Amino acid sequence: MPPHFYLIGDVQGCATALSRLLKQIPLEANIWFCGDLINRGPDSLGVLEQVKSLGSRARVVLGNHDIHLLAVAAGARTLGKSDTLNDILNAPDKRGWLDWLRFQPLAHYEHGVLMVHAGVLPEWSLDQTLKNARELEAMLQSDDYEQHLHNLFGNEPNRWSDHLAGDERLRVITNTFTRMRTLNLNGGLDYQFKGELQDTPLQLTPWFAAPNRLTANMPIFFGHWSALGFHQENNTTCLDTGCVWGRDLTAYHYPSGQILTARE
């Protein structure tokens, strides 16, 4: 029997919706999570507990909100007005949860399917995508990762170059995997547009629609773009259907395409 599994979009602290969704998924099935397990929703810790309880059935990639938590805990960023991370930050086993999160990957590839949180640059091959993910993972899993987090955030540089090094290189890798939606005419990352696909400015291109994308021959699943919602194009599938904004939490069965939903 060929491999089959379910992929779930951004949960963002919606623990009740996740519980309802998991009840619809067969107990033996593996479940892939497209990042942003936490934040903005009412029960971030409850989401982490559910995902961790799945054990080896779960595959997780980190999203921007997950890395934001690591940075807040390290003193590299401050809590925003809409952050709902205090249940984790005040938990008696906070250190255990932070360590569990920082040992999750930025990209997961298995059974010919690639999962990331936000996207993949068109000039990255699969091999380079996984290699760049491992670079960032090595930093997050290092003993001095908290020091590096102070230099990880920012919008510059906004273009990839194989010659980038140090913090600048890790910053572009982080922004690609966890923040990217569209690219400008120069192939640089745009951070301003977050709207619906039909409203994309003419000078911007959704990353999955970029010409000559080197990963165009494989299925890629991602989240992050809630205004895009469930969307399939050029062998990619967006699974962020905006549960934290009152819409659905979506699970997609691969390879059948069956869709399961639940709400908070």
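In the predicted model, the secondary structure of the protein comprises eight helices and 13 strands. The radius of gyration is 17 Å, close to the 18 Å that the globule rule gives for 264 residues, so the protein is as compact as a globular protein of that length. The C-alpha trace extends over about 45 × 40 × 35 Å along the principal axes. Of the 264 residues, 56% are buried, and among contacts with a separation of 6 or more, 66% are accounted for by residues 24 or more positions apart.

Five strands are arranged in an open sheet with the order β3-β2-β1-β12-β13, in which the pairing is mixed. The edges are formed by β3 (58-60) and β13, each of which pairs on one side only, and the twist from one strand to the next averages 20 degrees. At the β3 edge, strand β2 (residues 30-33) runs parallel to β3 and is joined to it by three bridges, with Trp32 standing opposite Arg59 in β3. At the other edge, strand β12 (residues 249-254) and β13 run antiparallel and are joined by four bridges, and here Thr250 stands opposite Thr261 of β13. Both arrangements are among those expected in general, since strands of a sheet pair through backbone hydrogen bonds, either parallel or antiparallel.

The two strands β12 and β13 form a hairpin with four residues between them, and Gly257, located in the turn, adopts a positive phi of about 85 degrees. The loop between β12 and β13 also contains Pro255, and the peptide bond leading from Tyr254 to Pro255 is cis, with omega near 10 degrees. In a regular strand the side chains alternate between the two faces of the sheet. Strand β13 (residues 259-262) shows such an alternation, in that Leu260 and Ala262 point to one face and are buried, whereas Ile259 and Thr261 point to the other face and are not buried. Thr261, the residue opposite Thr250, thus belongs to the face of β13 whose side chains are not buried.

Helix α1 (residues 15-22) packs against helix α2 (residues 44-53) at an angle of about 25 degrees, and their axes lie 8 Å apart. With angles under 35 degrees counted as roughly parallel, α1 and α2 are therefore roughly parallel to each other. The contact is made by Ala15, Leu18, Ser19 and Leu22 of α1, which meet Gly46, Val47, Gln50 and Val51 of α2. By class, this contact between α1 and α2 consists of five nonpolar and three polar residues, with no charged residues.

Further backbone features are found in loops elsewhere in the chain. A cis peptide bond, with omega about -10 degrees, joins Glu156 and Pro157, and Pro157 is situated in the loop between α7 (145-149) and α8 (166-178). A positive phi of about 75 degrees is found at His224, although this residue is not a glycine; His224 is placed in the loop between β9 (220-222) and β10 (231-233). Asn234, likewise not a glycine, has a positive phi of about 55 degrees and is located in the loop between β10 and β11 (236-238). As to solvent accessibility, His224 counts as buried because its relative accessibility is 8%, while Asn234, with a relative accessible area of 43%, is partly exposed.

Technical notes:
Residues numbered from 1 in each chain as written. Predicted model: local features only at pLDDT ≥ 70, side-chain atom pairs only at ≥ 80, totals over all residues. Heavy atoms only, no water. Axes fitted to C-alpha atoms, helices over the stretch in contact; angles between N-to-C directions. Parallel < 35°, antiparallel > 145°, perpendicular 65-115°, else oblique. Contact = heavy atoms within 4.5 Å. Nonpolar A, V, L, I, M, F, W, Y, C, P; charged D, E, K, R; others polar. Buried < 20%, exposed > 50% of the residue type's maximum accessible area, 1.4 Å probe, protein only. Pairing = 2+ DSSP bridges. Rg over C-alpha atoms; globule rule 2.2 N^0.38 Å.
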